[in-house]
Amino acid sequence: MAIKIMGTGSALPEKIMTNEDMTQLVDTSDAWIRERTGIGSRHISTGETVVSLAAQACRRALENAGREAAETELLLVATCTPERGIPCAACQVQSELGAARAVAFDLNAACAGFLFALHTAWAYIEAGIYRNALVVGSEVLSKIVDWTDRSTCVLFGDGAGAVWVERSERGGIRGFVQHSDGNKGAVLQCDSRELHNPFASVPSQTPYIQMDGREVFAFAVRQVPACIQEALEQAQMTVQDVDLYVLHQANKRIIEGIYKRLGAEPEKFPINLDRVGNMSSAAIPVLLDELNREGKLKEGMLLVLSGFGAGLTYGACVLEW
Ligand code: UT7
């Protein structure tokens, strides 16, 4: 028996912010942003939350899969921007959906979060603990972006994507790999609340994204192709066997670097970052949902999903649609 994605859904905030709008805030230009990143606009929350976006994406994934919320046995939300420390976003989504039976918890692996959550769902289902899962990536990155820092604020967007996963007769996940490199954590970070109690306090922290863009770029172009190769070997497949590479949408030049290193055809690498920017854990499921609704995912197609980002974390998954 295989474990397969049977439905997809996504939700984006209504407000669209163009590169031109960005020039009102920081010293930048549409030309610079497009040339260096490929991004043209992004959706920014004017009140939508990680939970409301996730719940909407889940409703659409359930509808797409022909399932009811009440059937959900496992609900995983990958996010690095939850509204609350407690309760976790997944429990709030569970309540909004009425998925009373689901076991719900969050998982944070930044831009690899959705992929790591998908693999976690696979492991639970494969072990026979649960029969199905809703796996979500949801982010409101606009609240942790420093809107005075032109080197980061132009990159990110808000949104959520979800998939319904269950056992199937055919197709499904054929192999996956995951990696973490905590020694490189400082190249992309965002502080949380400060320690401040009767016994100790720590110096003031920076609750905004801080990034060494060049280091992240170099890491992605070097490690992601190797990681994809590793997952393909596990699935006993080659680069040429793959029909579509659904990659984390961080930067068009990173995606170019990856297909060049792999020796794969560029047209196998769909891109939506021009319209949505980098949505961290939401990037892969939102792109997957777009492809699915456009009818571009046909049964039997071979896909590679790959996420990479802060942690550092990175991984790849090979699956048959
Ligand atoms: O999910 C993973 C998240 N992280 C990433 O995806 C980041 C990966 N890295 C990148 O995408 C790229 O490194 C960036 C897009 C962030 C930056 O591109 P770059 O080609 O590496 O530019 P740079 O940092 O080397 O900066 C080149 C110049 C600098 O000016 P000087 O020092 O040459 O005068 C920057 O100050 O571009 C300047 N610059 C900008 N200019 C206009 C930086 N940001 C901007 C901006 N508009 N928004």
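**Loop, strand and helix contacts in a predicted model**

Colleague: Pro-198 lies in a loop; between which two strands?

Modeller: This is a predicted model. The loop holding Pro-198 is flanked by strand 10 (196-197) and strand 11 (200-201). The strands asked for are strand 10 and strand 11.

Colleague: Is Pro-198 buried or exposed?

Modeller: The relative accessible area of Pro-198 is 75%. The cut-off for the upper class is over 50%, so Pro-198, at 75%, counts as exposed.

Colleague: How many Å separate Pro-198 and Leu-287, C-alpha to C-alpha?

Modeller: Along the sequence, Pro-198 and Leu-287 are 89 residues apart. In space, their C-alpha separation is 47 Å.

Colleague: Which residue makes a side-chain polar contact with Ser-10?

Modeller: Ser-10 belongs to strand 1 (residues 2-11) and is buried, with a relative accessible area of 13%. Setting aside neighbours within four places in sequence, Ser-10 is in contact with Ala-57, Arg-60, Ala-160, Gly-161, Val-286 and Asp-289. The side-chain polar contact, 2.7 Å in length, is with Asp-289.

Colleague: What is the relative accessible area of Val-163?

Modeller: Val-163 is part of strand 7 (residues 159-168). Beyond four places in sequence, Val-163 touches residues including Ile-5, Ala-61, Phe-114, Leu-118, Val-135 and Leu-288. Val-163 is buried, and its relative accessible area is 0%.

Colleague: How far apart in space are the C-alpha atoms of Val-163 and Asp-181?

Modeller: The two residues are 18 residues apart along the chain. The separation of their C-alpha atoms is 27 Å.

Colleague: How are helix 3 and helix 4 oriented to each other?

Modeller: Two packed helices are described by the angle between their axes and the distance between the axes. For helix 3 (residues 50-65) and helix 4 (residues 89-97), the angle is about 55° and the axes are 9 Å apart. The two helices are therefore oblique.

Colleague: How many charged residues does the contact of helix 3 with helix 4 have?

Modeller: From helix 3 come Val-50, Val-51, Ser-52, Ala-54, Ala-55, Cys-58 and Arg-59, which meet Ala-89, Gln-92, Val-93, Glu-96 and Leu-97 of helix 4. By class, eight of the residues in this contact are nonpolar and two polar, and the number of charged residues is two.

Colleague: Which residue caps the N-terminal end of helix 8?

Modeller: A side-chain oxygen of the capping residue lies 2.7 Å from the backbone nitrogen of Arg-253. The residue in question is Asn-251.

Colleague: Which helices are among the elements covering the buried residues of helix 8?

Modeller: Helix 8 (residues 252-262) buries Ile-254, Ile-255, Gly-257, Ile-258, Tyr-259 and Leu-262. The cover includes strand 13 (244-247) and strand 14 (302-309). Also in the cover are two helices, helix 7 and helix 9.

Colleague: Is the crossing of helix 7 and helix 8 left-handed or right-handed?

Modeller: Helix 7 and helix 8 pack with their axes 9 Å apart, at an angle of about 40°. That angle makes helix 7 oblique to helix 8. The crossing is right-handed.

Colleague: How many nonpolar residues are in the contact of helix 7 with helix 8?

Modeller: Helix 7 contributes residues including Phe-217, Val-221, Pro-225 and Ile-228, and helix 8 residues including Ile-254, Gly-257, Ile-258 and Arg-261. Two residues of the contact are polar and three charged, while the nonpolar ones number nine.

Colleague: What phi does Gly-263 take?

Modeller: Gly-263 comes just after helix 8. Its phi is positive, at about 75°.

Technical notes:
Residues are numbered from 1 along each chain as its sequence is written. This is a predicted model: local features need pLDDT of at least 70, side-chain atom pairs count only at pLDDT 80 or more; totals for chains, interfaces and linings use all residues. Side-chain values use heavy atoms; hydrogens and water are left out. Buried means under 20% relative accessible area, exposed over 50%, partly exposed in between (1.4 Å probe, protein chains only). Helices (H or I, at least four residues) and strands (E, at least two) are DSSP runs, numbered from the N terminus. Contact means heavy atoms within 4.5 Å. A polar contact is a pair of N or O atoms within 3.5 Å; within protein, one must be able to donate a hydrogen and the other to accept it, and residues adjacent in sequence count only if both atoms are side-chain atoms. Axes are lines fitted to C-alpha atoms, for helices over the stretch in contact, and angles run from 0 to 180 degrees between N-to-C directions. Angles under 35 degrees count as roughly parallel, over 145 as roughly antiparallel, 65 to 115 as roughly perpendicular and the rest as oblique. A crossing is left-handed if the near helix is turned anticlockwise from the far one by less than a right angle, and right-handed if clockwise. Ala, Val, Leu, Ile, Met, Phe, Trp, Tyr, Cys and Pro count as nonpolar, Asp, Glu, Lys and Arg as charged, and the others, Gly among them, as polar.
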